[in-house]
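Hi everyone, thanks for coming. I'd like to walk you through one protein today, so have a look at the screen and get your bearings.

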Amino acid sequence: MDMLAGVTVEFWHWWILACVLLVLEMLVPGIIFLWLAIAAAISGIALLAVPSISPELQLIGFGVLSVISVLAGRRVLRPGRSGTSDEDVSSASSSLVGKTAILTEKTVNGQTRQSVYGSSWLLVAERDLPKGQKVRVSAVSGSKLLIEPINTDI
């Protein structure tokens, strides 16, 4: 029994499916629908180039293209290939070494939390420092900035 007998699929049907899949991609977390949309668009291009492709062969081609595009997408978006790495983050935070700030709160047990250059940090000093003290970042340790007071008397 031929389930697709009498069914006519035009190239633009595949392109509409590709658009619907792209909308789903925007609405649903994950990146699976993008690759399926690419496969649907390629299926539409193939049907435009060769209009005599049967609906069964179109579906098989779409399935194969979907698998290929998903595998290619996973390879492209493999973890660690996003353009950033741990080295980028550490070099950005280590660029704070030598920068100065003024304490917005006094340190308690040598510690306080405050925003430094747009990010919230735990500031750690060797001793308690008063509010308004000018400090210099001497090192970065994870999410802590090690600070030392700057003597303003000199």
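**Three helices and what they cover**

Let's start in the middle of things: the cover over the buried residues of H3 includes H1 and H2. Before I go on, keep in mind that this is a predicted model.

Okay, the overall picture. The protein has four helices and five strands. Reading from the N terminus, the order is α-α-α-α-β-β-β-β-β. There are 154 residues in the protein, and 25% of them count as buried. If you take the contacts with a separation of 6 or more, 43% of them come from residues 24 or more positions apart. As for the surface, about 10,500 Å² is exposed, and carbon and sulfur atoms supply 63% of that.

Now back to H3. How far apart should its ends be? With 22 residues at 1.5 Å a residue, H3 should span 32 Å, and its end C-alpha atoms are 31 Å apart, which agrees.

Which residues of H3 are buried? They are Pro 55, Gln 58, Phe 62, Ser 66, Ser 69, Val 70 and Gly 73. Look down the axis of H3 and those buried residues fall within an arc of 105 degrees, so they line one face of the helix. If that spacing looks odd to you, here's the background: an α-helix has 3.6 residues a turn, so residues three or four places apart point the same way. Turn to the other side of H3 and you'll find Ile 60, Leu 71 and Arg 75 exposed.

**Helix one**

Next up is H1, residues 11–27. It has 17 residues and reaches 25 Å from its first C-alpha to its last, close to the 24 Å expected at 1.5 Å a residue. Its buried residues are Trp 14, Ala 18, Leu 21 and Glu 25. Viewed down the axis of H1, these fall within an arc of 65 degrees, so here too they line one face of the helix. On the other side of H1, Met 26 and Leu 27 are exposed.

What do the buried residues of H1 pack against? The answer is helix H2, residues 32–49, and helix H3, residues 55–76.

**Helix two**

That brings us to H2. It has 18 residues and reaches 26 Å from first C-alpha to last, close to the expected 26 Å. The buried residues are Trp 35, Ala 37, Ala 39, Ala 40, Ser 43, Gly 44 and Leu 47. They pack against H1 and H3. So you can go round the three helices: the buried residues of H1 pack against H2 and H3, those of H2 pack against H1 and H3, and H1 and H2 are part of what covers those of H3.

**Aromatic pairs**

Let's zoom in on some rings. A pair of aromatic rings is described by the distance of the centres and the angle of the planes. How many aromatic pairs does the count come to? It comes to two. In one of them, the rings of Phe 11 and Trp 15 have their centres 4.9 Å apart and their planes at 75 degrees, so the pair is edge-to-face. Both residues lie in helix H1, four residues apart, about one turn of the helix. Phe 11 counts as partly exposed, at 25% relative accessibility, and so does Trp 15, at 32%.

Then there's Trp 14 with Phe 62, a tilted pair: 5.2 Å centre to centre, with 35 degrees between the planes. Trp 14 lies in H1 and Phe 62 in H3, so this pair ties together parts that are 48 residues apart in sequence. Are these two buried or exposed? Both Trp 14 and Phe 62 are buried.

**Over to the strands**

The largest nonpolar core has twelve residues, among them Leu 96, Val 116, Trp 121, Val 137 and Ile 147. The elements giving two or more residues to this core are strands S3 (119–124), S4 (134–141) and S5 (144–149). There's also a second, separate core of eight residues, which includes Leu 21, Ala 37, Ala 39 and Ala 40. You've met those already: Leu 21 is one of the buried residues of H1, and the three alanines are among those of H2.

One last oddity. Most residues other than glycine have a negative phi. Asn 109, though, has a positive phi of about 55 degrees, and it is not a glycine. You'll find Asn 109 in the loop between strand S1 (100–102) and strand S2 (111–116). It is exposed, with a relative accessible area of 71%.

That's my tour, thanks for listening!

Key. Residues numbered from 1 in each chain as written. Predicted model: local features only at pLDDT ≥ 70, side-chain atom pairs only at ≥ 80, totals over all residues. Heavy atoms only, no water. Expected span 1.5 Å × (residues − 1). Buried < 20%, exposed > 50% of the residue type's maximum accessible area, 1.4 Å probe, protein only. Arc of directions from axis to C-beta. Contact = heavy atoms within 4.5 Å. Areas by Shrake-Rupley, 256 points an atom, 1.4 Å probe, with all protein chains shown as cover. Core = buried A, V, L, I, M, F, W, Y, C linked by side-chain atoms within 4.5 Å. Phe/Tyr/Trp six-rings, centres within 6.5 Å; stacked < 30°, edge-to-face > 60°.
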